[in-house]
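Reader: I've just opened this one up and I'm finding my way around. Can we walk through it together, one question at a time?

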Amino acid sequence: MKQEQNGPVDGGIIQRTGARRAEDIPPEVLGLLHCGELETVNLTEWLAVDHEKLLGRIIRDLGLELELETITSPLARLGDRKIMRVIPAVAAGWLDLMERVSAEDREGIFAELAGHRSDSVRCWAAYVIGLDEGLRLEDKLTGIRPFAADSHFGVREIAWMAVRESIAGELPAAIGLLGDWARDGDANIRRFAMEATRPRGVWAKHIAALKEDPAMALPLLEAVKSDPVKYVQDSAGNWLNDAAKTNPEWVLRLCADWLAASDTKATRRIAGKATRSIRKG
């Protein structure tokens with residue numbers, strides 16, 4: 001199971017800024033994306049990837065043509081082809097295969113996906129972890145951590161989406177486990193702790209318990225109340241803005257307490273984002 005080694009990609013393509021509209025993506029770029037030879041550089045490209053084409057190429061590259069039906073059947077059965085249904089369907093196909101092969105082959109297949117140069121393929125690998133019912137929550141978080149720290153924005157988003165249902169299902173335990181993540185030296189890991197537990201979130205099911213009682217997540221929120229990185233500040237502010245939709249008074253009190261104790265630029269920025277919906281109302 002070796003990926004085919006093609007020639008180097010032109011430096012100008014690698015350094016591109018990315019088209020604003022899908023129809024403006026150069027055919028050469030789309031071709032490389034669908035061959036798994038290139039990462040997407042913006043949301044437009046990320047949404048434009050045809051995962052069915054890419055899947056066929058990766059199956060061939062890994063010499064798994066005989067397993068084509070097993071791997072592609074969940075995607076083939078899919079009616080709604082929205083991206084957040086497509087990626088889990090592709091991952092389900094890979095997981096079906098991995099559950100039928102030896103432990104050694106399973107490890108090899110997953111390693112190929114998880115370490116692939118294509119961010120879309122790494123997204124599949126992240127969702128394999130999320131869908132694996134044989135993994136405990138602690139194991140899922142351990143497995144998803146490299147994807148939460150990935151250099152690509154899309155992989156980082158898929159990482160928290162992949163395990164969000166498991167986190168919601170064991171919320172107190174998850175908050176306990178994510179406490180160290182919220183204090184991690186890697187800003188991407190700290191942000192994961194926020195995004196994975198947002199009461200409402202984006203492209204994700206709401207977490208009813210946190211909508212009703214956002215104070216459950218105070219151990220995570222307190223850890224980032226003065227975070228120096230805007231990427232994390234935005235996530236913390238959005239978390240609290242979610243909570244403000246159902247518990248505005250709680251968010252206002254918390255922000256007031258934070259500002260009284262730590263009136264820093266970072267905390268002020270988080271509080272401003274946290275209360276934006278309240279101010280608009």
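Reader: Which residues lie nearest the centre of the second largest pocket?

Author: Keep in mind that this is a predicted model. The second largest pocket holds about 270 Å³ of space, and 16 residues line it. The ones nearest its centre are E157, W160, M161, R191 and V202.

Reader: Which element gives the largest share of the lining of the second largest pocket?

Author: Helix 3, helix 10, helix 12 and helix 15 (230-244) each give two or more residues to the lining of the second largest pocket. By class, that lining divides into eight nonpolar, three polar and five charged residues. The largest share, five residues, comes from helix 10.

Reader: And what is the volume of the largest pocket?

Author: Let's start with its walls: 26 residues line the largest pocket, and Y127, L131, M161, A162 and E165 lie nearest its centre. The elements giving two or more residues to that lining are helix 6 (83-98), helix 8 (119-131), helix 9 (137-148) and helix 10. The volume of the largest pocket is about 720 Å³.

Reader: How do the residues lining the largest pocket divide into nonpolar, polar and charged, and how many are in each class?

Author: Helix 10 gives the largest share of this lining, six residues. Going through the whole lining of the largest pocket by class, the split is 15 nonpolar, three polar and eight charged.

Reader: Which element gives the largest share of the lining of the largest cavity?

Author: A search of the whole structure turns up one cavity of 30 Å³ or more, and A148, R156, W160, N188, R191, F192 and Y231 line it. Two elements give two or more residues to that lining, helix 10 (153-169) and helix 12 (187-195). The largest share is three residues, and those come from helix 12.

Reader: Which residues are linked with E157 and R191 in a network of salt bridges?

Author: You've met both already, as E157 and R191 are among the residues nearest the centre of the second largest pocket. R191 also lines the largest cavity. The other members of their salt-bridge network are E195, R198 and D242.

Reader: What about D61 and R57: how many residues apart are they in helix 4?

Author: The side chains of D61 and R57 meet in a salt bridge, at 3.0 Å from N to O. Residues three or four places apart in an α-helix point the same way, because there are 3.6 residues a turn. D61 and R57 are separated by about one helical turn because their spacing in helix 4 (residues 51-61) is four residues.

Reader: Is D61 buried or exposed?

Author: The cut-off for buried is under 20% relative accessible area. R57 comes in at 15%, so R57 is buried. D61 has 6% relative accessibility, so D61 also counts as buried.

Reader: Which residue forms a salt bridge with E67?

Author: This pair links distant parts of the chain, 33 residues apart. E67 is in the loop between helix 4 and helix 5 (68-76), and its partner is in the loop between helix 6 and helix 7 (103-114). That partner has a relative accessible area of 54%, so it is exposed. With the closest N and O atoms 3.1 Å apart, E67 is paired with R100.

Reader: Which residues make the nonpolar surface patch of about 390 Å²?

Author: One member, L47, is in helix 3 (residues 43-48) and is partly exposed at 42% relative accessible area. Another member is in the loop between helix 12 and helix 13 (208-212), and is partly exposed at 48%. Altogether, the patch is made by L43, L47, V202 and W203.

Reader: What is the phi of W203?

Author: W203 is in the loop between helix 12 and helix 13. W203 is not a glycine, yet its phi is positive. The value is about 55°.

Reader: Last one: how far apart in space are A22 and V251, C-alpha to C-alpha?

Author: A22 is in the loop between helix 1 (11-14) and helix 2, and is partly exposed, with a relative accessible area of 42%. Along the sequence, A22 and V251 are 229 residues apart. In space, the C-alpha to C-alpha separation is 39 Å.

Notes
Residues are numbered from 1 along each chain as its sequence is written. This is a predicted model: local features need pLDDT of at least 70, side-chain atom pairs count only at pLDDT 80 or more; totals for chains, interfaces and linings use all residues. Side-chain values use heavy atoms; hydrogens and water are left out. On a 1 Å grid over the protein atoms alone, a cavity is a set of points where a 1.4 Å probe fits but cannot get out, and a pocket is an open set with protein on both sides within 12 Å along at least five of seven lines; lining residues have an atom within 4 Å of a point. Grid points are joined across faces, edges and corners, and a volume is the space filled by probe spheres set on the points. Patches are made of residues with over 30% relative accessible area and no salt bridge: like charges are joined within 9 Å, nonpolar side chains (Val, Leu, Ile, Met, Phe, Trp, Tyr) within 5 Å. Accessible areas come from the Shrake-Rupley method with a 1.4 Å probe; for residues, only the protein chains shown count as cover. A salt bridge is a side-chain nitrogen of Lys or Arg within 4 Å of a carboxyl oxygen of Asp or Glu. Buried means under 20% relative accessible area, exposed over 50%, partly exposed in between (1.4 Å probe, protein chains only). Ala, Val, Leu, Ile, Met, Phe, Trp, Tyr, Cys and Pro count as nonpolar, Asp, Glu, Lys and Arg as charged, and the others, Gly among them, as polar.
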